[in-house]
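Here are my notes from a pass through this one, in the order I would raise them over coffee. Have the structure open while you read.

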Amino acid sequence: MAYTYDDGNIFARILRGELPNQTVLETEHALAFRDIAPRAPVHVLVIPKGPYVSFDHFMAGATPAEISGFFRAVRSVSETLGLEPGDGGNGYRLIANTGTDGVQEVQHFHVHVLAGKRLGPMVSPDV
Ligand code: AMP
């Protein structure tokens with residue numbers, strides 16, 4: 001599988017400190033920050049620090065430490081923001097848009113964490 005990572009993408013620029021961001025948390029392997037155009041009262045993006053275009057690229061190319069570090073960071077976001085149902089939170093939705101049909105706008109793998117109200121249908125009911 002061939003992947004082309006463009007290091008001029010917006011999230012790469014955020015990682016290099018060239019663009020500002022509203023950081024929620026940062027770890028060795030991941031950065032979590034507020035989405036600039038939130039679609040819910042809580043809308044956080046979690047990105048790995050490595051240069052991966054997509055979920056598939058990440059799973060194929062990242063080390064086990066990067067993979068576990070990334071998903072632990074996603075978990076830390078929900079915990080830090082008090083969203084975990086097991087801890088009295090009201091829950092959240094994770095989304096990883098991928099490729100053309102997934103309507104992925106930024107070509108650096110990321111997971112959206114959406115919460116803060118009862119979210120609508122997962123996708124449009126038109127199939
Ligand atoms: P996706 O369609 O999954 O690629 O989503 C990309 C997300 O990045 C969108 O929700 C945008 O609002 C968000 N976004 C774009 N530029 C920035 C930025 N500079 N800071 C924070 N979020 C951004």
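1. A word on terms before the charged residues: a salt bridge here is a side-chain nitrogen of Lys or Arg within 4 Å of a carboxyl oxygen of Asp or Glu. With that cut-off, Glu 18 and Arg 16 qualify, since their closest N and O atoms are 2.8 Å apart. Do keep in mind that this is a predicted model.

2. On confidence, the protein chain looks like this: the mean pLDDT is 96, and 100% of its residues reach 70 or more. Helix α2 (residues 55-61) is where confidence is lowest, at a mean of 97, while β3 has the highest, at 99.

3. Back to Glu 18, which has a second partner to look at. Its side chain also meets that of Arg 13 in a salt bridge, at 3.3 Å from N to O. Put together, Arg 13, Arg 16 and Glu 18 are linked in a network of salt bridges. How accessible are the members of this network? Glu 18 is partly exposed, at 42% relative accessibility. Arg 16 counts as partly exposed too, at 43%, and Arg 13 is partly exposed with a relative accessible area of 32%.

4. A search of the whole structure gives four salt bridges. One of them joins Arg 75 to Glu 79, with the closest N and O atoms 3.7 Å apart. Both residues sit in helix α3 (residues 64-80), four residues apart, which is about one turn of the helix. Arg 75 is partly exposed at 37% relative accessibility, and Glu 79 is partly exposed as well, with a relative accessible area of 46%.

5. Now the sheet. Five strands make up an open sheet, in the order β1-β2-β3-β5-β4, and the pairing is antiparallel. Which strands stand at the edges? They are β1 (23-26) and β4; each has a single partner strand, so one side of each is left without a neighbour in the sheet. From one strand to the next, the twist averages 20°.

6. For a closer look at one edge, take β1 and its pairing with strand β2 (residues 30-34). The two run antiparallel and pair over three bridges. If you want a spot to click on, Leu 25 has Ala 32 in β2 as its bridge partner.

7. The helix from point 4 comes back here. Helix α3 packs on the sheet and touches β1, β2, β3 (42-48), β4 and β5. The direction of α3 makes about 160° with that of β3.

8. Next, the aromatics. Eight aromatic pairs turn up in a search of the whole structure. One aromatic cluster is formed by Tyr 52, Phe 55, Phe 58, Phe 70, Phe 71 and Phe 109. I would colour those six side chains together and look at them as a group.

9. Last, a backbone point. Which residue other than glycine has a positive phi, near 55°? That is Val 103. Val 103 is placed in the loop between β4 (93-95) and β5 (111-115). Is Val 103 buried or exposed? With a relative accessible area of 55%, Val 103 counts as exposed, because the cut-off for that label is over 50%.

Note on methods. Residues are numbered from 1 along each chain as its sequence is written. This is a predicted model: local features need pLDDT of at least 70, side-chain atom pairs count only at pLDDT 80 or more; totals for chains, interfaces and linings use all residues. Side-chain values use heavy atoms; hydrogens and water are left out. Rings of Phe, Tyr and Trp (its six-membered ring) pair if their centres lie within 6.5 Å; planes under 30 degrees apart count as stacked, over 60 as edge-to-face and the rest as tilted. Buried means under 20% relative accessible area, exposed over 50%, partly exposed in between (1.4 Å probe, protein chains only). Two strands pair if DSSP finds at least two bridges between them. Axes are lines fitted to C-alpha atoms, for helices over the stretch in contact, and angles run from 0 to 180 degrees between N-to-C directions. Contact means heavy atoms within 4.5 Å. pLDDT is the predictor's confidence in each residue, from 0 to 100.
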